[in-house]
Structures are given as structure tokens and as C-alpha cells.
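Please look through the structure shown here, beginning with the fold of one chain and moving on to a helix pair and then to the meeting of two chains.

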Amino acid sequence: MTRVIESDVCIIGAGITSAMVAERLAERTGASITIVEAGGRTASLAERTHTRARMLAYGENPYPNDHIPDQTGTGEMYRQMVVGGSAMHWGGAIPRYSPEDFRLQSLYGLGFDWPITFDDLEPYYQEAEERIGAAGEQGPPDCDPRSRPYPMPPLPLSYNLARMREWTDRAEVPFWTQPWARNTEPYRGRNVCQRCDTCAVCPTGAKYTPDFALDQLLTAGRIDLIPRTLVRRLALEPGTDRIAVAEAVNRDAPDEPVEFRAGTFVIAGGHAWSSHLLLLSANSRFPDGLANRTGNVGRYMTGHWFVSGYIDLPMRLYPGIFVNNSLLSHRFASPGPLDRYVRHDIRLWESDVGRAPRLRNGDGSLLWGDEIMADWRERTESGATARIRAYYDVLPDRDSRLTLDGTNTNVLGDPMPRIDYRPDPTTLDLEDHTHTTILGRFEHLARTAGGSIMSTRSSRLYEHPGGGCRMGDDPATSVVDRWGRTHDHENLFVVGAPTIVSSGCANGTLTFCALSLMSAEEIGKGFDRT
Amino acid sequence: MPETRRSFLKQSVATVAAVSATGCAPDGESSRRTGDLSADDPGAGPAPLPAPTLRAVAEAVLPEELGAEGRERAVTAFERWSDGLEPVAELSHPYLVPETRYSGPDPRPGWAAQLQGLEKECRARHGTNLADLDVAGRRQLLARGVGQAGPGLGSAANANHIAVALMAHFFASPVATDMCYRRTIAKQQCRGLEGAPAEPEVLAARTNGAPSEGRRGALTIATGAAP
């Protein structure tokens, strides 16, 4: 027998963007809200001290049961499928995109403009920072604009980072503290950061994870959260383009179908599973998938690439004081007019690379106890290492795609997603120039310190990914409007990462949250205010 | 990885490791002598590491400046860590990798066999127990087993030789870092934010080998020991 669950709003996915939408709707409307999550619960805060200790000792996953074995795609995507989503594991870096990210075509004649500007999104950035609990300091306003201060002061610069900032000041490159989703004051019932330096699993609750917000909403009776229930497809109201039902299966009782009926549906499945669900939901009216009348679902998948390196510094530092804080500069993400396009951020960390204990010395001789210690000391006393990384934007190509992979199915026989990223040709044309420019800036920093580059590498991993349901004013080239509403279905929204047009030069989570809050404002218009 | 494959790795590869990771398989005589092994009882789980031999190895491979007390702390921490090791455990997910990764098969039977083999070889070559051989002699014996390991220490759980495992475990600890820098860094211990801007304090004399204290202390979680 089919179990039917009805609500005003049905949110599919229980990650960070889901938490944002649910929290805002719960606070500002009287709508009934159901959240469906394919994954289950993972380690509670109380359990994280133990799982953290095992992660440190053995490298074990600190979030048991945070994925579904057969729900596995191909390509670069997150493994997690769990209440809280991939933001259970995140480090909590929450920089904003730069104003330029939203106007690449207008400013530089390449890529795409978003249908919104930085200024349109700025109030939602602030709201996201307040909901998450952001600790940060503003950089120079011309490259780090904001209308109000961060809700909390920044994480303190460690002794190491303070010495490094003296160095970057001499190089006349402005750096400031990376903003973090970690408390520097008691905030919304959560603790202050204790500098445990294992932010992937925070044993104190100082790092924001979405389960905190979801649990508060559950306790207040403002949401129903249905975990371990996989939504397999969305179905239309007969004869209309409105979504009527999300058809799901209870993973603990696979023979018992579950139907979620709602006035509004919100897909909050992250960059891979949102497009995937739309494609899986193809029907006679939308043979290529829901919201896909113009064939844009799963396209323009995007992320950013990076160049990184290690710099040998002639200074005495102490790696381990605070590895999970870093310096950030957006100076080169807001470069002003350019002869040739290149935009990137730069971030710096303390590091022990090249200065870790080792079993064999430079000539390959085997070392024992005191010899290892002496060799280690010699290398730590002769200088220090800084880790440096620059994210640069990759312009997405229309054929950078997520598709259904019929050769890889789950236990229900549903095809899993496959992502084949592809950069716009312009990105490839600019790649050498981009690398040369970034490496030149690394060299400048190293020289100013009297140091040298130890090593560099470049990566084409599409970090902080998004796309697949990009936003736009023109349905011919986009899937959703600026509010995340699908062009084809007036009661279906897609929120967060899938809707981005390009991925900027910074971590994306805060932008995904801000976009979700903007969507929530539009969704909330259909309900009475509380 | 299917559960069946995981179970298979846990059960069978460990047995292979016990034999192949050393030239000397465990023998009943030595296990009875040390009184520490359960090699005759295949149902009893991994054999404990023979404590006297492990300590004889530690004396040869851990820094002398630890002193006897500090060295004993390091060995005890290693034993607790070894006791808590779960073979073929699910590892942290690498960033943007959709597959699940697992740790390797159980290294402990191999390490136990190596320790037994060291005692046997020591008696054969020198007519004495390893603990009674001088440190230079012990290192000579150990060097053959360590083989081509390195240049990095790697993770203890992946070490092919017990001597490397012991060193890797110790040198990854907060104690070792503090000893190296001669400062109280207390890495990866919950230390509060207040102390972050200060240059770490000079390590007090004769605290080598003692766990670092977080500046606030209340949330200190010692690493290196099994939780």
C-alpha cells in the first residue's frame, strides 16, 4: 500500500541549502514543510569526539553510514548522501563570490552574465552568514564588498599566519583572514571553536553543520524530516505542467512506495543529484526530463581549477598551531580592466611539507630515532613552509554535462548520473596565460620573503562544483529563473549549486546558500506570513 | 566494495600477511616462551604483539631523548592504537571522489610474526634475546626487515615492518612535534582560540614523552592512542 505524505512544501534533499530554505520558510510563513532525504542520520555531535579520535588515529570516516552504497555516480561528485549532506564534512570556508563573477560577459566579453548582480545577492549573503554563523573580517572594500559586518569576529591569526601576513604586507598584496562557518563567540546555541584542527569533524559543534538547523526545526515542530527515503521521480498533475507528486521508496521497506504530495516542490539535491532527478522524471509530456523543454538540464556543469605550490620561507614557524585557518586575498579576483583575462584568488596556510620527519635522509640513508629527530630539527630550524593555492574560474561549456548512465544502475534499476566536465574553449586558450600569471605572483611573494618556490602543480579537478540547472532570464538558455523557479513548472524550484551560471574563484557554499535564501523568499510569497 | 569482499580481506589477507611479511612464520615454541601470543588459537583474533620484543625494538628505533619513561609511554600508546585498529575500515571520503575507500588488511599478524622472527634470528646469530643485544646490533637486524621502506615514514597502519610502524606512530604524535620544535604546540588537541596568536611556549625540561597539555586543557584529546 502506498504511503502518502502531504505538505505545503516538499523539499528533496536535507543538505545545507535545504536547511536554509526550510529555516527561512519556517520562520516567515505558516507553510507545512516536509524534507525527504535518501540518506540516513550519521554521527551526532555527541558521537563526534569518538569518531574524530578514530579519524585521527586510523583515518576512518568520522561520519558512518553517510552514503548509499549503490547510489554512486561516475565523475567528480561527492560521496555523501546523508542528513546534513556534504556540509557535514566541509571545512567551513565561506568566502563570497566577487561582483565580477556575475558580469563576466559585460566586463570582459567572455563567459556569461548572471541574471542577478552581486548587489542583488548581497542581502542574502548577509542572511546566509547570519544563519550559518560566519566569523570573518572584511578585506579592502574594493575587492571584498559587504554592507554589514560579519556576525562574529574572525578566527584569530595564529602566530604562524601573523608572521606570514607581515611577509605578504611587504609584498603589497592584501591578505585577510578567510571567513569561516565556525564560532568565535557562542552563537545560536553552539560552542566556540576550540582549535581542535580537525574541522572535517568538529567535536565541539563550533562548526556549522546543517543537522543543527534541521534538529532545531524538528524540535520546534516546524518540519517533518523523512530520512532513508529515495525520491525516484517527480510526476505531473494530469493535463498540466504542475508537479503533483514525488514518488519515492522507503529504503527500509522497498516494497512500500511513498508519495509526497505538495503545492510546491523544491529540489535541494546538490550539483549532481538535482539534474539527475529531473532527467529521471522524463514522461510523455517532457520526454527529455522535467524542466528540460529546451534541453539545458545537466548542461553547463562547472567548477574552478587551481594552481598550488609550496614556498620555502626564511623564518621560524611552528606547523600545527592552527592548520585549519588561512589567509585569503581576492585582490586578483577583482582586478579592474585587463589586457588579457585572468582572475583568481590566493590563499595561504602553514605547512610542514618538506619539513616532516622522514625515514631516509637526502642521500637515502636509513635513519633511526635520534637521527630522525636530528634530521627533522635541522630542516625545521632552517626555515618554514607556506602552502599557497589560487583558484581560477573555468568558463562552463554547454557540453559540460551530466547525463544518465544506463550502464550504472542502482538496486532499483535507475540509471545513475555521469558527469563529463568540459571547459569552454576560451578557458583552454587562456590556461597558459593564467598559469604564468599566477606562478609569477607566487614568485613575487616568495622573492619578497627572501624565499623560493619549492614546488608547484596545477589541477583540473572541478572544485566546488555546480551547474546543471543554471539560472537565466531566457528559457532557451537556462533551466530556472533568478529565483530558482523552473521555467517549465511554476511549482518546481531548484536551489543552490545547480543554479549557478559560473563558479567564480572562491568556495561556493555561501553563494549556494544565498541563492537558496533568495529562492525561499520567492517560495514564501505563496504563503501567509507568520 | 561488497561486504563479502571486505570480509574476505579481513579474514584471509591477514593470514597471508602473517606469513609473507617476514621470513619467519610464527612458531608455537616462541609463543609459549613469551606467553603473549595466541597463535595456537586461530579463533582468538589478531595475536598481541609480544611486549618484551616490542620494547626491545622501541629502544633501538625511538629517540633516546625520550628517556625510559617517555619511551614506555610511546610504546604503550602504540599498543593501544594497535589494539583498536580495525582492518578494512571505511576511510574518510576523498574530495569529489564518488567511490568508497577502505583501509588495508590487518597488519598485526605480520608485525607479530616479525617480532617473533627477530627473537629467533637474534638467538641464532647472537645467542641472546633481542633485549640483551646492544642497540647497534638490534638495528643491524632491523635494517634487513625494513628493506626499501621510505623515504617518508608513511602511516603506521600501512607500515610493512613493525619498526617502521612504531616510528611512524611516534613521529606523527603531538609529543614528537613538541619535542622536535622544543615548544608546546599541542597539535590537533583542542586548545582554545586564545593561545593561537602567541609563539608556542618553550617546552619545559624533562617533559619529553608526556602528552602535551592544551592551554585550556578541558577538551584535550590525546592522539596516537586508540579511542
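**From one chain to the interface**

Chain B contains eight helices and zero strands, and in this predicted model the order along its sequence reads α-α-α-α-α-α-α-α. Of the 227 residues of chain B, 48% count as buried. Among the contacts in chain B with a separation of 6 or more, 58% join residues that are 24 or more positions apart.

Two packed helices are described by the angle between their axes and the distance between the axes. In chain B, helix H5 (residues 108-126) packs with helix H6 (residues 135-146) at an angle of about 130°, and their axes are 11 Å apart. Because angles of 115 to 145 degrees fall outside the parallel, antiparallel and perpendicular ranges, H5(B) is oblique to H6(B). The crossing of these two helices, H5(B) and H6(B), is right-handed. On the side of H5(B) the contact is made by B:Gln114, B:Leu118, B:Glu121, B:Cys122 and B:His126, while H6(B) contributes B:Gly137, B:Leu141 and B:Gly145; by class, these residues divide into three nonpolar, four polar and one charged.

Turning to the two chains together, 55 residues of chain A are in contact with 57 residues of chain B. On the side of chain A that touches chain B, the elements that give two or more residues are helix H2 (45-58), helix H5 (159-170) and helix H8 (369-381) of chain A, and the largest share, eight residues, comes from H2(A). Sorted by class, that side of chain A has 29 nonpolar, 16 polar and ten charged residues.

Key: Residues are numbered from 1 along each chain as its sequence is written. Chains are lettered from A and ligands numbered from 1 in the order in which they are written. This is a predicted model: local features need pLDDT of at least 70, side-chain atom pairs count only at pLDDT 80 or more; totals for chains, interfaces and linings use all residues. Two residues are in contact if their C-beta atoms, placed from the backbone, lie within 7 Å. Helices (H or I, at least four residues) and strands (E, at least two) are DSSP runs, numbered from the N terminus. Ala, Val, Leu, Ile, Met, Phe, Trp, Tyr, Cys and Pro count as nonpolar, Asp, Glu, Lys and Arg as charged, and the others, Gly among them, as polar. Axes are lines fitted to C-alpha atoms, for helices over the stretch in contact, and angles run from 0 to 180 degrees between N-to-C directions. Angles under 35 degrees count as roughly parallel, over 145 as roughly antiparallel, 65 to 115 as roughly perpendicular and the rest as oblique. A crossing is left-handed if the near helix is turned anticlockwise from the far one by less than a right angle, and right-handed if clockwise. A residue is buried if 20 or more other C-beta atoms lie within 10 Å of its own, exposed if 12 or fewer, and partly exposed in between; C-beta atoms are placed from the backbone.
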